[in-house]
Amino acid sequence: VEKSTVTIKTDKGVRTFEVDAKTGAFLNGEVCSLPDVQAATELGESLGACQVIFYTDDAGNLVYLDISQNP
């Protein structure tokens, strides 16, 4: 949170993105802040399985991040 970054591990490797005020961030369908995302993911196993969807622009900058808890 202090660095305004998010790191996402995918099948293709680990990617770290800068997050700014223009980045859309959602947690279980609700607009949230980067500290909200950090608090939820720090819960570890109590968060359960989750799906992370993210989009980047043509330059590779993160523009959208959505974390949804799977039932």
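**Exercise 1. An aromatic cluster**

Task: Starting from Tyr 55, which has a relative accessible area of 48%, classify its exposure and find the rings that join Tyr 55 in a cluster.

Solution: The model is a predicted one, in which local features need a pLDDT of at least 70, side-chain atom pairs count only at pLDDT 80 or more, and totals for chains, interfaces and linings use all residues. Residues are numbered from 1 along each chain as its sequence is written, and side-chain values use heavy atoms, with hydrogens and water left out.

Step 1. A residue is called buried under 20% relative accessible area, exposed over 50%, and partly exposed in between, using a 1.4 Å probe and protein chains only. Tyr 55, at 48%, is therefore partly exposed.

Step 2. Rings of Phe, Tyr and Trp (for Trp, the six-membered ring) pair if their centres lie within 6.5 Å, and the pair is stacked when the planes are under 30 degrees apart, edge-to-face when they are over 60, and tilted otherwise. A search of the whole structure gives three aromatic pairs. One of them joins Phe 26 and Tyr 64, whose centres are 5.4 Å apart and whose planes stand at 40 degrees, a tilted arrangement. This pair links distant parts of the chain, since Phe 26 belongs to strand β3 and Tyr 64 to strand β6, 38 residues apart. The rings of Tyr 55 and Tyr 64 also have centres 5.4 Å apart, and because their planes stand at 45 degrees, this pair is tilted.

Step 3. Put together, ring pairs link Phe 26, Tyr 55 and Tyr 64 into a cluster. Phe 26 is partly exposed at 22%, and Tyr 64 is partly exposed at 25%.

**Exercise 2. The order of the elements**

Task: Describe the secondary structure of the chain and the way in which β1 pairs with β2.

Solution: Step 1. Helices (H or I, at least four residues) and strands (E, at least two) are DSSP runs, numbered from the N terminus. The chain has one helix and six strands, and from the N terminus on these run β-β-β-β-α-β-β.

Step 2. Two strands pair if DSSP finds at least two bridges between them. Strand β1 and strand β2, which covers residues 13-18, pair in the antiparallel sense over six bridges, and a hairpin of two residues joins them. As one example from this pairing, the bridge partner of Thr 5 is Glu 18 in β2.

**Exercise 3. The nonpolar cores**

Task: Which residues form the largest nonpolar core, and which residues of α1 are buried?

Solution: Step 1. A nonpolar core is a set of buried Ala, Val, Leu, Ile, Met, Phe, Trp, Tyr and Cys residues joined through side-chain atoms within 4.5 Å. The largest has seven residues, namely Val 6, Ile 8, Phe 17, Val 19, Leu 34, Leu 62 and Leu 65. To this core β1 (5-10) and β6 (62-69) each supply at least two residues. A second, separate core of six residues includes Ala 25, Val 37, Ala 40 and Ile 67.

Step 2. In α1, which covers residues 34-41, Leu 34, Val 37 and Ala 40 are buried. They lie on the same side of α1 because they cover an arc of only 125 degrees around the axis, where the arc is taken from the directions from the helix axis to the C-beta atoms. The buried residues of α1 pack against β1, β3 (24-27) and β6.

Step 3. Contact means heavy atoms within 4.5 Å. Phe 17, in strand β2, is buried with a relative accessible area of 4%. Leaving aside neighbours within four places in sequence, the contacts of Phe 17 include Val 6, Ile 8, Phe 54 and Leu 62.

**Exercise 4. Two threonines**

Task: Is Thr 23 buried or exposed, and which polar contacts do Thr 23 and Thr 10 make?

Solution: Step 1. Thr 23 lies in the loop between β2 and β3 and, at 10% relative accessibility, counts as buried.

Step 2. A polar contact is a pair of N or O atoms within 3.5 Å; within protein, one must be able to donate a hydrogen and the other to accept it, and residues adjacent in sequence count only if both atoms are side-chain atoms. A polar atom in the side chain of Thr 23 lies 3.4 Å from the backbone oxygen of Leu 62.

Step 3. Thr 10, in strand β1, is partly exposed at 27%, and its side chain reaches the backbone nitrogen of Lys 12 at 3.1 Å.
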